[in-house]
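User: Hi! I'd like to understand how the labels on this model are earned. Could you take me through the reasoning?

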Amino acid sequence: MDPVGIAAAPDAGPGPAWQSKCPWGAPNTTSISCSLADVMSEQLAKELQLEEENAAFPEVVAVAEGPFITGENIDTSSDLMLAQMLQMEFDREYDAQLRREEKKINGDSKVSISFENYRKVHPYDSDSSEDEVDWQDTRHDPYRADKPTTTPRKGFIGKGKDITTKHDEVVCGRKNTARMENFAPEFQVGDGIGMDLKLSNQVFNALKQHAYSEERRSARLHEKKEHSTAEKAVDPKTRLLLYKMVNAGMLETITGCISTGKESVVFHAYGGKSATEDKVIPPECAIKVFKTTLNEFKNRDKYIKDDYRFKDRFSKLNPRKIIRMWAEKEMHNLTRMQNAGIPCPQVVILKKHVLVMSFIGQDQVPAPKLKDVTLSSEDMKKAYYQILNMMQQLYKECNLVHADLSEYNMLWHDGKVWLIDVSQSVEPTHPHGLEFLFRDCKNVSQFFQKGGVSEALNERELFNAVSGLNITADNEVDFQAEIEALEKMNEDHVQNHGKKLSVFSSEGDPPIYDE
């Protein structure tokens, strides 16, 4: 039989069995009849898809049959819920990848690494939160007994050799360790969990005292940082005062710092317009901000405590308000000097510890101090006689002693000397007024004698010329002894009669020295 004929006639009748198994023959396929509705059914498509996935990935069957994939038990109408579910599934795959990497790197090594810190844990992940335990709920505090123990009224527990009193070393040690929790949070006491620490009374008292000292020191540092005026800077309260002056139009602008000292910081500013017509604000002003730290004023209270103008108010104020009184003192002294015609800064306004004055200088450049300027012999001689005249005016007309007069507190501007820094100036009736005057005369005399002024008097002659007294002594020690005796007489007179009158007045006014 021709095989070609057999292949060409597939529709032939039934033949032998070997014809159906011929490799060149067409297979007999059995077709399943179905309707169009079954073909378009979504349920049938899902079943077919699940069968294919189960055949290809048999290990994912447990996850695929869960509620996350089918969505039968979870409301997927919320976009937030869908996002959380997708993120959770992504994180689970990421954690599985980390485990595989960890197993691959570790292998059979005795030293292993862990990627637990990089795992994604969600608060809504029920699988990860089942085994979580609150550490604070299971924490055992060794400082406290499991059951509260009470000490009876008799003061001891037990009998015979087993007696334990409230002064027992072990009991007191544990109580002292527990009391350390009452220390300030800033005081680090460490962590003694599981150690059963026992502190003796001596050690506990030392730690307690040290904790209190540290707490007070921290409070002082915080107070100093918040309420103090630092170098070339101001605290928030002082800054607010300056802002108010600028907003009120009294000052146009504040340019910057021009001088710093132990007691104050001086800023330069351009003057604005005054609220009243009778008061004129100069074009350039100097703002003197007294430092609100008390370190520099501890040794300078004698200048204001024994001043009769402020003696009654000194004891009623706290130390911080003394600084405001110090600024007020300089304002009153400058006003006296201005009324007497002594060259000095003009007072504009005083706000607490901020004093606004006229600026001695030009175009933001302050006038140089007498110690920094180089003068000719004629100008030096002129300056000496001018200072001598100002010291006599200050003593007789203003009834003041500068108390800190030197080449550091004298400026040279427009061919003449200007006096500044008179916050410490006192009246001659001050218990140490004559001592301050003698010190000023000594500073002035030494400066001009070194400057080559041959007409300069020595400190004792200058003192008698300024004060009008006639103290005759061969040396400086006897001269100062007579000054202290006069101050003692004046102090006794004031205490007995209650009057601020000097008993060492001369017969006439002191001679006025002129060039």
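Analyst: Happy to; the questions below set values against cut-offs, and please keep in mind that this is a predicted model.

User: Let's begin with the whole chain. How many helices and strands are there, and what share of the residues is buried?

Analyst: The chain has 18 helices and 11 strands. Of its 515 residues, 33% are buried. Its exposed area is about 34,300 Å², with 51% of that supplied by carbon and sulfur atoms.

User: What share of the contacts joins residues at least 24 apart?

Analyst: If you take the contacts between residues at least 6 apart in sequence, 59% join residues at least 24 apart.

User: Why is Ala-403 called buried?

Analyst: Buried means under 20% relative accessible area. Ala-403 has 0% relative accessibility, so Ala-403 counts as buried. You'll find Ala-403 in the loop between helix H15 (377-396) and strand S10 (410-413). The phi of Ala-403 is also positive, near 75°, in a residue other than glycine.

User: And why is Asp-363 called exposed?

Analyst: Here the cut-off is over 50%. Asp-363 has a relative accessible area of 56%, so Asp-363 is exposed. Asp-363 sits in the loop between strand S8 (361-362) and strand S9 (365-366). Phi of Asp-363 is positive too, near 55°, and this residue is not a glycine.

User: What makes helix H17 mostly covered?

Analyst: Helix H17 spans residues 459-467, and 7 of its 9 residues are buried. Those buried residues are Glu-459, Leu-462, Phe-463, Asn-464, Ala-465, Val-466 and Ser-467. Each of them therefore falls under the 20% cut-off for buried. After H17 comes Gly-468, whose phi is positive, near 80°.

User: Which residues form the negative surface patch, and what makes it negative?

Analyst: The patch is formed by Glu-47, Glu-51, Glu-52 and Glu-53. Glu counts as negative, so a patch of these residues is a negative one.

User: How do you know that Glu-51 is exposed enough for that patch?

Analyst: Patch members need over 30% relative accessible area. Glu-51 has 53%, so Glu-51 passes that cut-off. The value is also over 50%, so Glu-51 is called exposed. Glu-51 lies in helix H3, residues 42-56.

User: Why might residues in a helix point the same way?

Analyst: An α-helix has 3.6 residues a turn, so residues three or four places apart point the same way.

How values were computed: Residues numbered from 1 in each chain as written. Predicted model: local features only at pLDDT ≥ 70, side-chain atom pairs only at ≥ 80, totals over all residues. Heavy atoms only, no water. Patch = residues over 30% accessible without salt bridge, like charges linked within 9 Å, V, L, I, M, F, W, Y side chains within 5 Å. Areas by Shrake-Rupley, 256 points an atom, 1.4 Å probe, with all protein chains shown as cover. Salt bridge = Lys/Arg side-chain N within 4 Å of Asp/Glu carboxyl O. Charge placed at Lys NZ, Arg CZ, Asp CG, Glu CD. Helix = DSSP H or I, 4+ residues; strand = E, 2+ residues; numbered from the N terminus. Buried < 20%, exposed > 50% of the residue type's maximum accessible area, 1.4 Å probe, protein only. Contact = heavy atoms within 4.5 Å.
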